[in-house]
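Reader: Please take me through one part of this model in detail. I would like the helices and the contacts between them.

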Amino acid sequence: MANNTLPEDFTQVKQRLDAIVKQVSDDALPLDDALALYEEAVQLGMRASQLIEQQTVEAMGERAENSLTEAAED
């Protein structure tokens, strides 16, 4: 990404990917710029995967914590 910071949430990832799609749709875009945007899009895809994994782990942790709480109450 231009400032080397990754988005913190899916909304930011999608917004940036939408902007990239718009940019690469321009036939006048130089190849070097298109390649840089492609590389950024790949990074954004990896970031989206990280966010999914993070949310999954958090959800699993919450479920485990709830199960332990319920078991302790029984």
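Author: What follows goes through the helices, then their salt bridges, then burial and surface.

This is a predicted model, in which local features need pLDDT of at least 70, side-chain atom pairs count only at pLDDT 80 or more, and totals for chains, interfaces and linings use all residues. Residues are numbered from 1 along each chain as its sequence is written, and side-chain values use heavy atoms, with hydrogens and water left out.

Start with helix α1, residues 10-24. Helices here are DSSP runs of H or I, at least four residues, numbered from the N terminus. The expected span is 1.5 Å times one less than the number of residues. For the 15 residues of α1 that gives 21 Å, and the end C-alpha atoms are 21 Å apart, which agrees. D9 caps the N-terminal end of α1. One of its side-chain oxygens lies 3.1 Å from the backbone nitrogen of T11.

Helix α2 covers residues 31-73. Its 43 residues should span 63 Å at 1.5 Å a residue. Its end C-alpha atoms are 63 Å apart, in agreement.

Now the charged pairs. A search of the whole structure finds two salt bridges. The term means a side-chain nitrogen of Lys or Arg within 4 Å of a carboxyl oxygen of Asp or Glu. K14 pairs with D18, with the closest N and O atoms 2.8 Å apart. Both residues lie in helix α1, four residues apart, about one turn of the helix. D18 is partly exposed, at 42% relative accessible area. For such labels, buried means under 20% relative accessible area, exposed over 50%, and partly exposed in between, using a 1.4 Å probe and protein chains only.

E40 and R16 form a salt bridge too, at 2.6 Å from N to O. E40 lies in α2 and R16 in α1, so the pair ties together parts that are 24 residues apart in sequence. E40 counts as buried, at 7% relative accessibility. R16 is partly exposed, at 23%.

E40 has company. The buried residues of α2 are L37, E40, L44, R47, A48 and L51. Their cover includes α1, where contact means heavy atoms within 4.5 Å.

Turn to the surface. Y38, V42 and M46 form a nonpolar patch there, with about 310 Å² of accessible area together. Nonpolar patches join Val, Leu, Ile, Met, Phe, Trp or Tyr side chains within 5 Å, from residues with over 30% relative accessible area and no salt bridge. Areas come from the Shrake-Rupley method with a 1.4 Å probe. Y38 lies in helix α2 and is exposed, at 55% relative accessible area.

Key
Helix = DSSP H or I, 4+ residues; strand = E, 2+ residues; numbered from the N terminus. Polar contact = N/O pair within 3.5 Å; in protein donor to acceptor, adjacent residues only side chain to side chain. Patch = residues over 30% accessible without salt bridge, like charges linked within 9 Å, V, L, I, M, F, W, Y side chains within 5 Å.
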